[in-house]
Amino acid sequence: MFVTPAYAQAAGAAPNPVMSFAPLILIFAIMYFLMIRPQQKKMKQHKAMIEAVRRGDEVVTAGGIMGKVAKVREDGFVEVEIAEGVKVKVQKATLANVVSKTEPAADA
């Protein structure tokens with residue numbers, strides 16, 4: 001009496017599969033340009049900085065130790081002089097920053 005009969009409605013057109021993935025594609029594009037690409041650029045600059053380290057440069061390690069490069073070794077390490085006569089062997093990858101670039105020191 002008060003209830004009306006329910007009739008099945010005709011199904012609408014199927015949504016376009018490309019439009020259903022559009023938000024995901026948009027989110028990935030935003031993530032790439034705001035996060036991934038700048039990080040790759042920063043890593044490339046850091047690698048170039050590490051490869052350009054030479055004797056006489058003042059560097060800061062990832063641990064915060066500041067010193068002058070005494071020797072660049074071929075095995076991926078550098079010797080950093082942190083005080084008079086005190087040399088520490090560190091990996092090149094742990095160098096955080098090159099504070100000052102100097103002219104190459106004469107070999108002793």
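**Exercise 1. Surface and burial**

Determine what the accessible surface of the chain comes to in this predicted model, and what share of the residues counts as buried.

*Solution.* Begin with the surface: the accessible area of the chain is about 8900 Å². Carbon and sulfur atoms contribute 63% of that area. Turn next to the residues: the chain has 108 of them, and 16% count as buried.

**Exercise 2. Secondary structure**

State how many helices and strands the chain has, and in which order the elements run.

*Solution.* The chain contains one helix and five strands. Read from the N terminus, the order is α-β-β-β-β-β. As for contacts with a separation of 6 or more, 42% of those in the chain join residues 24 or more positions apart.

**Exercise 3. The helix**

Compare the span of helix α1 with the expected span, and locate the kink in α1.

*Solution.* Helix α1 covers residues 17-51, which is 35 residues. Its span from first C-alpha to last is 48 Å, close to the expected 51 Å. The kink in α1 is centred on Tyr-32 and amounts to about 45 degrees.

**Exercise 4. A residue in strand β1**

Establish whether Thr-61 is buried or exposed, and list which residues Thr-61 touches beyond four places away in sequence.

*Solution.* Thr-61 belongs to strand β1, which comprises residues 58-61. The relative accessible area of Thr-61 is 8%. Buried means under 20%, so Thr-61 is buried. Leaving out residues up to four places away in sequence, Thr-61 is in contact with Val-90, Thr-94, Leu-95 and Ala-96.

**Exercise 5. The salt bridges**

Find how many salt bridges the whole structure has, identify which residues are linked in a network, and classify Arg-73, Asp-75 and Glu-79 by accessibility.

*Solution.*

1. A search of the whole structure yields two salt bridges.
2. One joins Asp-75 to Arg-73, with 3.6 Å between the closest N and O atoms.
3. Another joins Glu-79 to Arg-73, where the closest N and O atoms are 3.3 Å apart.
4. Arg-73 takes part in the bridge with Asp-75 and in the bridge with Glu-79; Arg-73, Asp-75 and Glu-79 are thus linked in a network of salt bridges.
5. For accessibility, the cut-offs are under 20% for buried and over 50% for exposed, with partly exposed in between.
6. Arg-73 has a relative accessibility of 28%, so Arg-73 is partly exposed.
7. Asp-75, at 46%, is partly exposed as well.
8. Glu-79 has a relative accessibility of 18% and therefore counts as buried.

How values were computed
Residues are numbered from 1 along each chain as its sequence is written. This is a predicted model: local features need pLDDT of at least 70, side-chain atom pairs count only at pLDDT 80 or more; totals for chains, interfaces and linings use all residues. Side-chain values use heavy atoms; hydrogens and water are left out. A salt bridge is a side-chain nitrogen of Lys or Arg within 4 Å of a carboxyl oxygen of Asp or Glu. Buried means under 20% relative accessible area, exposed over 50%, partly exposed in between (1.4 Å probe, protein chains only). Helices (H or I, at least four residues) and strands (E, at least two) are DSSP runs, numbered from the N terminus. Contact means heavy atoms within 4.5 Å. The expected span of a helix is 1.5 Å times one less than its number of residues. The bend at a residue is the angle between axes fitted to the seven residues ending there and the seven starting there. Accessible areas come from the Shrake-Rupley method with a 1.4 Å probe; for residues, only the protein chains shown count as cover.
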